[in-house]
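User: I am new to this structure and would like to understand the words used for it. Could you take me through the reasoning behind them?

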Amino acid sequence: MDADNNNATDRRAELERLRALIEEAADQRDELQQTNAMLQRKIAPLVQKKQDSEKKEDRLSVVENEKRYYDCLNSVHEARVQLATAQTQYDRIAMELQARLDEKECKANEIHESFMEFKREVARSAENTRTGKPIPKRIIAQFEVAEVKKDQEVEKVRLKNINLRTHLRKLEAQLHAKEQLAEGLHLIDFEQLKIENQTLNEKIEERNEELHKLRKKTTTTVQVLTHIKEKLQFVLVENQALKHDLSELDEELTQSRDVLTKHKRTATRFATRRQR
């Protein structure tokens, strides 16, 4: 009885593994379809670019343009052939796995039914230790219903466990990819910072040179201003002396004018007296 139970458990585990393989094959088929769509999206700009280049580069020969066009078509054809081959292969694998799954399920159902019938026979032949009477069919049916519910619960838990493991593997793969991308981004950020630092250092050197030139100009300007101030001071002193000399000359001129006026008056008097 325990051996039959273990065989049934192993077959259920095998069925669950086959279901997981079928789901994985379906996921791979979806990924291939997405890859096909991505390739078609990549090919479309190439075709458009080819058409644009044909318009811009009229000097290219017709043979070269046709060769590029056919090369592009061959690439598209090869991609589609690869996709079709992969889809056919995965469909064949999925059909084989489905056939194996159906066969395993059929065998598992047969074993389960035989095992249940064996347990029913054992239960029918069993007797109550107190009364010595056989176990009623109603009680046996209740036991079977309870066992079916427990088996269904175990089946749900196993399927959930398989789904969680699959999801965990996907998350681990995504995390690993993100870690690799983060390392690459850190390296890119470091290189970018080095470039920016070099640029800033060059700008600092330029500003230092400009500052040095401004300081030299400022020093020269200060020296010129000092010289001009000294010269202005000298000119002011000289101007003051000239003003003083001019003032003295004005006084002498005034005195000379007064003397001249007196002489003119005296001469006028002498002339008047002579005329009389």
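User: Why is tyrosine 70 called partly exposed?

Analyst: In this predicted model, tyrosine 70 has a relative accessible area of 48%. Buried means under 20% and exposed means over 50%, so at 48% tyrosine 70 falls in between and is called partly exposed. You will find tyrosine 70 in helix 2, residues 62–125. Together with Tyr69 and Leu73, Tyr70 forms a nonpolar surface patch with about 310 Å² of accessible area.

User: And what makes arginine 269 exposed?

Analyst: Its relative accessible area is 55%. Exposed requires over 50%, so arginine 269 earns that word. Arginine 269 sits in helix 3, residues 137–275, and joins Lys262, Arg265 and Arg273 in a positive surface patch.

User: How do you know that arginine 92 and glutamate 96 meet in a salt bridge?

Analyst: The N to O distance between their side chains is 3.1 Å. A salt bridge needs a side-chain nitrogen of Lys or Arg within 4 Å of a carboxyl oxygen of Asp or Glu, so this pair qualifies. Both residues lie in helix 2, four residues apart, about one turn of the helix.

User: What makes glutamate 103 and lysine 107 a salt bridge?

Analyst: Here the N to O distance is 3.4 Å, and the cut-off is within 4 Å, so this pair counts too. In helix 2, glutamate 103 and lysine 107 are separated by about one helical turn because they are four residues apart. By this rule the count comes to two salt bridges.

User: Why does lysine 107 count as partly exposed?

Analyst: Lysine 107 has 35% relative accessibility. That is neither under 20% nor over 50%, so lysine 107 is partly exposed.

Key
Residues numbered from 1 in each chain as written. Predicted model: local features only at pLDDT ≥ 70, side-chain atom pairs only at ≥ 80, totals over all residues. Heavy atoms only, no water. Patch = residues over 30% accessible without salt bridge, like charges linked within 9 Å, V, L, I, M, F, W, Y side chains within 5 Å. Areas by Shrake-Rupley, 256 points an atom, 1.4 Å probe, with all protein chains shown as cover. Helix = DSSP H or I, 4+ residues; strand = E, 2+ residues; numbered from the N terminus. Buried < 20%, exposed > 50% of the residue type's maximum accessible area, 1.4 Å probe, protein only. Lys, Arg positive; Asp, Glu negative; His and termini not counted. Charge placed at Lys NZ, Arg CZ, Asp CG, Glu CD.
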